[in-house]
Amino acid sequence: MLITVDFAAGQPLSDQVAGAVRAAVANGTARPGDRLPSARTVASSLGINLHTVLRGYQQLRDEGLVELRRGRTAVISGSADGLRVRLEDAAREFVVAARRAGASDAEALAAVERLLGEVR
């Protein structure tokens with residue numbers, strides 16, 4: 001799994017680490033049972049502090065998306081499938097509402113992109 005951060009973004013690096021894992025779960029590239037790279041490996045490859053990565057992993061643990069096994073590894077938990085399902089359900093509801101409102105695909109996507117930029 002590729003975890004990236006944007007140093008120019010206004011979002012804390014630990015949130016970006018957690019967001020990269022959430023995105024991988026949401027798009028299916030990370031599945032329950034998959035191991036995350038070690039925090040030390042991620043920190044070294046991104047040039048960030050180890051504790052920053054650990055904070056991101058702890059966010060995911062607190063959300064129930066990751067199981068942290070002290071001294072061993074972080075593993076995507078079984079509840080990760082629930083995230084994907086919730087996102088698909090929300091997207092389906094949005095698409096239905098956009099169609100009912102007569103929005104074009106471009107208008108609907110523009111609305112989502114605008115909101116993604118606004119909501120943190």
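**Exercise 1. Determine whether Gln-16 is buried or exposed, and describe its surroundings.**

*Solution.* Step 1: Gln-16 has a relative accessibility of 9% and therefore counts as buried (buried means under 20% relative accessible area, exposed over 50%, partly exposed in between, with a 1.4 Å probe and protein chains only). The model is a predicted one, in which local features need pLDDT of at least 70 and side-chain atom pairs count only at pLDDT 80 or more, while totals for chains, interfaces and linings use all residues. Residues are numbered from 1 along each chain as its sequence is written, and side-chain values use heavy atoms, with hydrogens and water left out.

Step 2: Gln-16 belongs to helix α1 (helices are DSSP runs of H or I with at least four residues, strands runs of E with at least two, numbered from the N terminus).

Step 3: A polar atom of the Gln-16 side chain lies 2.9 Å from the backbone oxygen of Gln-11.

Step 4: Neighbours within four places in sequence being set aside, Gln-16 is in contact with Thr-4, Val-5, Asp-6, Ala-9 and Gln-11 (contact means heavy atoms within 4.5 Å).

**Exercise 2. State which residue forms a salt bridge with Arg-22, and explain what the pair ties together.**

*Solution.* Step 1: The partner is Glu-63, at an N to O distance of 2.7 Å (a salt bridge is a side-chain nitrogen of Lys or Arg within 4 Å of a carboxyl oxygen of Asp or Glu).

Step 2: Arg-22 is in helix α1 (residues 13-26) and Glu-63 in helix α3 (residues 50-63), so the pair ties together parts 41 residues apart in sequence.

Step 3: Arg-22, at 25% relative accessibility, is partly exposed; Glu-63 is also partly exposed, at 40%.

**Exercise 3. Give the count of salt bridges, and describe those of Arg-61 and Asp-89.**

*Solution.* Step 1: The count is four salt bridges.

Step 2: Arg-61 pairs with Asp-62, their closest N and O atoms being 3.0 Å apart. Arg-61 is partly exposed at 39%, whereas Asp-62 is exposed at 59%.

Step 3: Asp-89 meets Arg-92 at 3.3 Å, N to O. Both residues lie in helix α4 (residues 80-100), three residues apart, or about one turn of the helix. Asp-89 is partly exposed, with a relative accessible area of 37%.

**Exercise 4. Describe the pairing of strand β2 and the covering of its faces.**

*Solution.* Step 1: Strand β1 (residues 66-69) pairs with β2 in the antiparallel sense over four bridges (two strands pair if DSSP finds at least two bridges between them).

Step 2: Arg-69 has Thr-73 as its bridge partner in β2.

Step 3: Strand β2 (residues 73-76) is covered on both faces, with Thr-73 and Val-75 buried on one side and Ala-74 and Ile-76 buried on the other.

Terms used: Polar contact = N/O pair within 3.5 Å; in protein donor to acceptor, adjacent residues only side chain to side chain.
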